[in-house]
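Reader: Please give me a close look at one helix, with its ends, its burial and the spaces that it borders. I should like the criteria for each term stated as it arises.

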Amino acid sequence: MHMNSISTYIRTHYREDKSIKSLWNIVTGARTQQTYFDASMQHLLPVYEIAPGYPFEAFTSMLSHYDKQREHILFPYFYLASEMSFKTLSLLIQASSEMSYGTNRYVPVSNNLIVQSQVKEVIRQAKAHDFNLLQLDFFKLVNLVQDKFKHSYFVYKITGHDVHPRNDEQLARLLNIETSHLKFKLLAEKNYILHLLRNESFHLLNQLYYKVPLHKNTARTYQLINSYSINETARLLRLREHTIQDHIIEMMIKDYPVEFSRFINADELQTIVNLYSQLTYGKLKSFYEHSEVKDYFKLKIGIAYASLMERNDHVH
(Lines give C-alpha, C1' and ligand atoms only; values in the text may rest on other atoms or scores of the structure.)
Protein backbone atom coordinates (compact mmCIF):
# COMPACT_ATOMS: atom_id res chain seq x y z
CA MET A 1 0.00 0.00 0.00
CA HIS A 2 1.40 3.39 -1.06
CA MET A 3 1.34 5.30 2.23
CA ASN A 4 0.44 8.62 0.59
CA SER A 5 -2.83 6.99 -0.42
CA ILE A 6 -3.94 6.78 3.22
CA SER A 7 -2.27 9.84 4.77
CA THR A 8 -5.29 12.07 4.19
CA TYR A 9 -7.63 9.49 5.68
CA ILE A 10 -5.50 9.30 8.83
CA ARG A 11 -5.20 13.09 9.12
CA THR A 12 -8.96 13.46 8.68
CA HIS A 13 -9.85 11.02 11.44
CA TYR A 14 -7.24 11.00 14.14
CA ARG A 15 -7.95 12.86 17.37
CA GLU A 16 -5.23 15.39 17.92
CA ASP A 17 -4.64 14.81 21.64
CA LYS A 18 -3.35 11.34 20.73
CA SER A 19 0.37 10.99 20.09
CA ILE A 20 1.92 10.36 16.66
CA LYS A 21 3.44 7.23 18.23
CA SER A 22 -0.04 5.84 18.97
CA LEU A 23 -1.02 6.43 15.33
CA TRP A 24 2.13 4.68 14.16
CA ASN A 25 1.22 1.74 16.43
CA ILE A 26 -2.11 1.50 14.59
CA VAL A 27 -0.61 1.60 11.10
CA THR A 28 2.12 -0.92 11.95
CA GLY A 29 -0.30 -3.20 13.83
CA ALA A 30 0.75 -3.24 17.48
CA ARG A 31 -1.19 -6.15 18.99
CA THR A 32 -2.45 -4.56 22.19
CA GLN A 33 -5.96 -3.92 23.45
CA GLN A 34 -5.09 -0.21 23.76
CA THR A 35 -4.13 0.01 20.08
CA TYR A 36 -7.34 -1.78 19.02
CA PHE A 37 -9.32 0.71 21.10
CA ASP A 38 -7.39 3.69 19.74
CA ALA A 39 -8.04 2.49 16.17
CA SER A 40 -11.73 1.91 16.81
CA MET A 41 -12.26 5.24 18.58
CA GLN A 42 -10.67 7.19 15.72
CA HIS A 43 -12.24 5.25 12.82
CA LEU A 44 -8.80 3.95 11.91
CA LEU A 45 -9.50 0.19 11.91
CA PRO A 46 -9.35 0.18 8.07
CA VAL A 47 -5.68 1.18 8.28
CA TYR A 48 -4.74 -0.97 11.29
CA GLU A 49 -1.63 -3.02 10.33
CA ILE A 50 -1.72 -1.67 6.79
CA ALA A 51 2.06 -1.15 6.84
CA PRO A 52 3.89 -3.49 9.26
CA GLY A 53 7.48 -2.44 9.79
CA TYR A 54 6.95 1.08 8.42
CA PRO A 55 9.68 3.34 9.91
CA PHE A 56 8.47 5.89 12.46
CA GLU A 57 10.41 8.73 10.82
CA ALA A 58 8.89 7.95 7.43
CA PHE A 59 5.43 7.80 9.00
CA THR A 60 5.88 11.21 10.59
CA SER A 61 6.93 12.63 7.22
CA MET A 62 4.04 10.88 5.45
CA LEU A 63 1.48 12.65 7.66
CA SER A 64 2.53 15.96 6.12
CA HIS A 65 1.17 14.78 2.75
CA TYR A 66 -2.37 16.03 2.21
CA ASP A 67 -4.66 15.44 -0.74
CA LYS A 68 -8.05 17.14 -0.67
CA GLN A 69 -9.36 15.29 -3.72
CA ARG A 70 -9.87 11.97 -2.05
CA GLU A 71 -13.05 10.90 -0.26
CA HIS A 72 -12.50 9.49 3.19
CA ILE A 73 -15.45 7.28 4.06
CA LEU A 74 -14.65 3.75 5.18
CA PHE A 75 -16.56 1.31 7.34
CA PRO A 76 -15.06 0.27 10.71
CA TYR A 77 -13.43 -3.04 9.78
CA PHE A 78 -9.84 -4.18 10.14
CA TYR A 79 -7.65 -3.86 7.05
CA LEU A 80 -6.63 -7.52 7.47
CA ALA A 81 -10.28 -8.60 7.44
CA SER A 82 -11.02 -6.84 4.15
CA GLU A 83 -7.84 -8.21 2.57
CA MET A 84 -8.50 -11.79 3.71
CA SER A 85 -12.10 -11.72 2.51
CA PHE A 86 -10.99 -10.32 -0.84
CA LYS A 87 -8.30 -12.99 -1.22
CA THR A 88 -10.94 -15.65 -0.54
CA LEU A 89 -13.34 -14.04 -3.00
CA SER A 90 -10.59 -13.86 -5.64
CA LEU A 91 -9.66 -17.53 -5.24
CA LEU A 92 -13.33 -18.53 -5.28
CA ILE A 93 -13.88 -16.66 -8.56
CA GLN A 94 -10.72 -18.15 -10.06
CA ALA A 95 -11.59 -21.69 -8.99
CA SER A 96 -15.19 -21.50 -10.19
CA SER A 97 -14.09 -19.95 -13.49
CA GLU A 98 -11.57 -22.71 -14.15
CA MET A 99 -14.13 -25.37 -13.17
CA SER A 100 -16.64 -23.96 -15.63
CA TYR A 101 -14.05 -24.60 -18.37
CA GLY A 102 -13.30 -28.08 -17.06
CA THR A 103 -9.82 -27.09 -15.88
CA ASN A 104 -8.34 -28.30 -12.60
CA ARG A 105 -4.69 -27.42 -13.23
CA TYR A 106 -3.91 -23.79 -12.45
CA VAL A 107 -1.80 -21.71 -10.07
CA PRO A 108 -4.08 -20.51 -7.25
CA VAL A 109 -4.02 -16.78 -6.48
CA SER A 110 -3.63 -17.61 -2.78
CA ASN A 111 -1.73 -20.37 -1.00
CA ASN A 112 -3.19 -19.42 2.38
CA LEU A 113 -4.59 -22.62 3.91
CA ILE A 114 -7.49 -20.82 5.60
CA VAL A 115 -8.47 -19.19 2.31
CA GLN A 116 -8.19 -22.44 0.34
CA SER A 117 -10.19 -24.40 2.91
CA GLN A 118 -12.99 -21.84 2.87
CA VAL A 119 -13.13 -21.80 -0.92
CA LYS A 120 -13.33 -25.61 -1.05
CA GLU A 121 -16.25 -25.56 1.38
CA VAL A 122 -18.18 -22.90 -0.56
CA ILE A 123 -17.63 -24.77 -3.84
CA ARG A 124 -18.78 -28.00 -2.19
CA GLN A 125 -22.01 -26.28 -1.11
CA ALA A 126 -22.47 -24.73 -4.55
CA LYS A 127 -22.18 -28.14 -6.20
CA ALA A 128 -24.66 -29.61 -3.72
CA HIS A 129 -27.28 -26.96 -4.56
CA ASP A 130 -26.90 -24.94 -7.75
CA PHE A 131 -23.52 -23.81 -9.05
CA ASN A 132 -25.18 -20.91 -10.84
CA LEU A 133 -25.88 -19.35 -7.43
CA LEU A 134 -22.23 -18.36 -7.26
CA GLN A 135 -22.51 -16.44 -10.51
CA LEU A 136 -25.64 -14.69 -9.27
CA ASP A 137 -23.81 -13.71 -6.07
CA PHE A 138 -20.83 -12.36 -8.03
CA PHE A 139 -23.04 -10.23 -10.27
CA LYS A 140 -24.95 -8.90 -7.27
CA LEU A 141 -21.71 -8.00 -5.48
CA VAL A 142 -20.29 -6.13 -8.47
CA ASN A 143 -23.55 -4.23 -8.98
CA LEU A 144 -23.71 -3.19 -5.31
CA VAL A 145 -20.13 -1.90 -5.38
CA GLN A 146 -20.84 -0.09 -8.66
CA ASP A 147 -23.97 1.50 -7.18
CA LYS A 148 -22.01 2.69 -4.15
CA PHE A 149 -18.92 4.16 -5.81
CA LYS A 150 -19.89 4.51 -9.49
CA HIS A 151 -16.90 2.27 -10.17
CA SER A 152 -15.87 -1.32 -9.44
CA TYR A 153 -12.12 -1.35 -10.03
CA PHE A 154 -11.63 -4.53 -8.00
CA VAL A 155 -12.82 -6.60 -10.96
CA TYR A 156 -9.54 -5.73 -12.73
CA LYS A 157 -7.70 -7.49 -9.88
CA ILE A 158 -9.56 -10.79 -10.39
CA THR A 159 -8.08 -13.86 -12.10
CA GLY A 160 -10.18 -16.28 -14.15
CA HIS A 161 -9.83 -18.70 -17.03
CA ASP A 162 -7.53 -16.92 -19.53
CA VAL A 163 -8.11 -13.70 -17.58
CA HIS A 164 -5.17 -12.09 -15.82
CA PRO A 165 -5.27 -9.26 -13.27
CA ARG A 166 -3.62 -5.89 -13.86
CA ASN A 167 -1.17 -4.48 -11.37
CA ASP A 168 -1.87 -1.08 -9.83
CA GLU A 169 0.43 0.83 -12.15
CA GLN A 170 -1.09 -0.72 -15.29
CA LEU A 171 -4.60 -0.12 -14.04
CA ALA A 172 -3.87 3.49 -13.06
CA ARG A 173 -2.58 4.18 -16.58
CA LEU A 174 -5.62 2.50 -18.12
CA LEU A 175 -7.99 4.58 -15.99
CA ASN A 176 -5.87 7.73 -16.28
CA ILE A 177 -5.73 8.36 -12.53
CA GLU A 178 -2.87 8.63 -10.05
CA THR A 179 -1.68 5.32 -8.60
CA SER A 180 -2.14 6.60 -5.03
CA HIS A 181 -5.75 7.55 -5.83
CA LEU A 182 -6.38 4.12 -7.32
CA LYS A 183 -4.93 2.39 -4.25
CA PHE A 184 -7.29 4.25 -1.96
CA LYS A 185 -10.27 3.52 -4.21
CA LEU A 186 -9.40 -0.19 -4.13
CA LEU A 187 -9.02 -0.01 -0.35
CA ALA A 188 -12.48 1.55 -0.13
CA GLU A 189 -14.02 -1.06 -2.45
CA LYS A 190 -12.55 -3.98 -0.49
CA ASN A 191 -13.69 -2.39 2.75
CA TYR A 192 -17.22 -2.08 1.37
CA ILE A 193 -17.16 -5.64 0.03
CA LEU A 194 -16.52 -6.83 3.59
CA HIS A 195 -19.47 -4.71 4.74
CA LEU A 196 -21.65 -6.35 2.09
CA LEU A 197 -20.51 -9.85 3.05
CA ARG A 198 -21.53 -9.09 6.64
CA ASN A 199 -24.86 -7.35 6.01
CA GLU A 200 -26.23 -8.12 2.54
CA SER A 201 -28.03 -11.37 1.77
CA PHE A 202 -26.17 -13.67 -0.64
CA HIS A 203 -26.75 -17.31 -1.46
CA LEU A 204 -23.18 -18.35 -0.58
CA LEU A 205 -20.83 -15.36 -0.29
CA ASN A 206 -21.72 -14.37 3.29
CA GLN A 207 -19.46 -17.20 4.41
CA LEU A 208 -16.47 -15.20 3.16
CA TYR A 209 -16.88 -12.59 5.91
CA TYR A 210 -13.61 -12.68 7.85
CA LYS A 211 -13.07 -11.82 11.50
CA VAL A 212 -9.62 -11.01 12.82
CA PRO A 213 -8.72 -13.76 15.34
CA LEU A 214 -8.92 -13.03 19.04
CA HIS A 215 -5.82 -13.15 21.20
CA LYS A 216 -5.32 -16.56 22.78
CA ASN A 217 -6.37 -15.43 26.27
CA THR A 218 -9.29 -13.42 24.86
CA ALA A 219 -10.49 -16.55 23.06
CA ARG A 220 -10.55 -18.38 26.40
CA THR A 221 -12.58 -15.54 27.91
CA TYR A 222 -14.93 -15.64 24.91
CA GLN A 223 -15.78 -19.27 25.69
CA LEU A 224 -16.97 -18.28 29.16
CA ILE A 225 -18.14 -14.67 29.29
CA ASN A 226 -21.63 -15.17 27.87
CA SER A 227 -22.36 -17.76 30.57
CA TYR A 228 -20.49 -16.31 33.54
CA SER A 229 -20.02 -12.92 35.17
CA ILE A 230 -16.79 -10.96 34.82
CA ASN A 231 -15.84 -11.91 38.37
CA GLU A 232 -16.54 -15.59 37.80
CA THR A 233 -14.70 -15.61 34.47
CA ALA A 234 -11.68 -13.93 36.05
CA ARG A 235 -11.65 -16.49 38.85
CA LEU A 236 -11.97 -19.46 36.48
CA LEU A 237 -9.15 -18.19 34.25
CA ARG A 238 -7.07 -16.82 37.14
CA LEU A 239 -6.95 -13.39 35.59
CA ARG A 240 -7.72 -9.90 36.88
CA GLU A 241 -11.22 -8.51 36.28
CA HIS A 242 -9.64 -5.57 34.45
CA THR A 243 -8.08 -8.05 31.98
CA ILE A 244 -11.46 -9.67 31.34
CA GLN A 245 -12.92 -6.22 30.69
CA ASP A 246 -10.20 -5.55 28.10
CA HIS A 247 -11.02 -8.89 26.48
CA ILE A 248 -14.68 -7.86 26.17
CA ILE A 249 -13.72 -4.64 24.38
CA GLU A 250 -11.50 -6.65 22.01
CA MET A 251 -14.44 -8.95 21.22
CA MET A 252 -16.64 -5.95 20.38
CA ILE A 253 -14.00 -4.39 18.14
CA LYS A 254 -13.29 -7.67 16.34
CA ASP A 255 -17.02 -8.33 15.88
CA TYR A 256 -17.41 -11.38 18.11
CA PRO A 257 -20.88 -11.49 19.72
CA VAL A 258 -20.83 -10.54 23.39
CA GLU A 259 -23.81 -9.42 25.46
CA PHE A 260 -22.31 -6.13 26.63
CA SER A 261 -25.72 -4.84 27.78
CA ARG A 262 -25.12 -6.94 30.90
CA PHE A 263 -22.44 -4.43 31.90
CA ILE A 264 -24.07 -1.09 31.01
CA ASN A 265 -27.67 0.09 30.98
CA ALA A 266 -29.39 1.73 28.01
CA ASP A 267 -29.35 5.26 29.48
CA GLU A 268 -25.64 5.08 30.27
CA LEU A 269 -24.92 3.77 26.79
CA GLN A 270 -26.87 6.57 25.10
CA THR A 271 -25.18 9.19 27.29
CA ILE A 272 -21.75 7.96 26.16
CA VAL A 273 -22.80 7.69 22.50
CA ASN A 274 -23.96 11.32 22.61
CA LEU A 275 -20.72 12.38 24.31
CA TYR A 276 -18.64 10.57 21.69
CA SER A 277 -20.41 12.45 18.89
CA GLN A 278 -19.83 15.80 20.60
CA LEU A 279 -16.24 15.54 21.83
CA THR A 280 -13.08 15.23 19.77
CA TYR A 281 -10.84 13.80 22.47
CA GLY A 282 -8.80 10.70 21.88
CA LYS A 283 -7.83 10.05 25.49
CA LEU A 284 -10.18 8.13 27.73
CA LYS A 285 -9.34 10.33 30.73
CA SER A 286 -10.70 13.38 28.88
CA PHE A 287 -13.99 11.58 28.25
CA TYR A 288 -14.12 10.56 31.91
CA GLU A 289 -13.71 14.17 33.04
CA HIS A 290 -16.65 15.29 30.85
CA SER A 291 -18.92 12.30 31.38
CA GLU A 292 -21.77 11.74 33.80
CA VAL A 293 -20.85 8.03 33.69
CA LYS A 294 -17.85 7.70 36.01
CA ASP A 295 -16.75 4.20 35.08
CA TYR A 296 -13.86 3.59 32.67
CA PHE A 297 -15.12 0.17 31.55
CA LYS A 298 -18.57 1.54 30.73
CA LEU A 299 -16.95 4.43 28.89
CA LYS A 300 -14.91 2.02 26.77
CA ILE A 301 -18.02 -0.06 25.99
CA GLY A 302 -19.97 3.05 24.97
CA ILE A 303 -17.17 4.52 22.86
CA ALA A 304 -16.47 1.21 21.14
CA TYR A 305 -20.19 0.77 20.46
CA ALA A 306 -20.52 4.32 19.08
CA SER A 307 -17.44 4.03 16.87
CA LEU A 308 -18.62 0.70 15.40
CA MET A 309 -22.28 1.58 14.77
CA GLU A 310 -21.68 2.03 11.02
CA ARG A 311 -21.15 -1.72 10.74
CA ASN A 312 -24.91 -2.05 10.99
CA ASP A 313 -25.69 0.56 8.31
CA HIS A 314 -28.15 -0.72 5.74
CA VAL A 315 -26.66 -1.42 2.34
CA HIS A 316 -29.47 0.26 0.45
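Author: Helices are DSSP runs of H or I with at least four residues, numbered from the N terminus, and the expected span of a helix is 1.5 Å times one less than its number of residues. Helix 5 contains 22 residues, and the distance from its first C-alpha to its last is 32 Å, close to the 32 Å expected. The model is a predicted one, in which local features need pLDDT of at least 70 and side-chain atom pairs count only at pLDDT 80 or more, while totals for chains, interfaces and linings use all residues. Residues are numbered from 1 along each chain as its sequence is written, and side-chain values rest on heavy atoms, with hydrogens and water left out.

Burial comes next. Of the 22 residues of helix 5, 18 are buried (under 20% relative accessible area with a 1.4 Å probe, protein chains only; over 50% is exposed, and partly exposed lies in between). The helix is therefore largely enclosed by the rest of the structure. Just after helix 5, the backbone at Gly102 adopts a positive phi of about 70°.

The open spaces show which parts of the fold helix 5 shares its surroundings with. A pocket is an open set of points, on a 1 Å grid over the protein atoms alone, with protein on both sides within 12 Å along at least five of seven lines; a cavity is a set where a 1.4 Å probe fits but cannot get out, and lining residues have an atom within 4 Å of a point. Points are joined across faces, edges and corners, and a volume is the space filled by probe spheres set on them.

The largest pocket holds about 500 Å³ of space. Its lining has 21 residues, and Ile93, Ser97, Gln135, Phe138 and Phe139 are those nearest its centre. Two elements, helix 5 (79–100) and helix 7 (132–149), each give two or more residues to this lining. Ile93 and Ser97 thus fall within the range of helix 5, and Gln135, Phe138 and Phe139 within that of helix 7. Helix 7 provides the largest share of the lining, 7 residues. By class, the lining of the largest pocket has 13 nonpolar residues, 8 polar and no charged (Ala, Val, Leu, Ile, Met, Phe, Trp, Tyr, Cys and Pro are nonpolar; Asp, Glu, Lys and Arg are charged; the others, Gly among them, are polar).

The second largest pocket has a volume of about 340 Å³. It is lined by 17 residues, with Glu83, Phe86, Lys157, Asp168 and Lys190 closest to its centre. Here the elements that contribute two or more residues are helix 5 and helix 9. In this pocket helix 5 supplies the largest share of the lining, 5 residues. The classes in the lining are 7 nonpolar, 3 polar and 7 charged residues. Charged residues are thus present in the lining of the second largest pocket, whereas the lining of the largest pocket has none.

An enclosed space is also found beside this part of the chain. The search yields 1 cavity of 30 Å³ or more, and the space in the largest cavity amounts to about 50 Å³. Ala81 of helix 5 is in its lining. The other residues of that lining are Tyr77, Phe78, Leu194, Tyr209, Tyr210, Lys211, Val212, Ile253, Lys254, Asp255 and Arg311. By class, the lining of the cavity comprises 8 nonpolar residues, 4 charged and no polar.

A further contact of position concerns Ser90, whose number falls within the range of helix 5. The C-alpha atoms of Ser90 and Gly160 are separated by 8.8 Å, although the two residues are 70 apart along the chain. Gly160 belongs to the loop between helix 7 and helix 8, and with 10% relative accessibility it counts as buried. The loop between helix 7 and helix 8 (168–175) also contains Asp162. Asp162 is exposed, at a relative accessible area of 65%, so this loop holds both a buried residue, Gly160, and an exposed one. Most residues other than glycine have a negative phi. Asp162, which is not a glycine, nevertheless has a positive phi of about 60°.

Glu49 offers a parallel case elsewhere in the chain. Its phi is positive, at about 60°, and it too is not a glycine. Glu49 is located in the loop between helix 3 (33–41) and helix 4 (56–62). With a relative accessible area of 17%, Glu49 is buried, whereas Asp162 is exposed.
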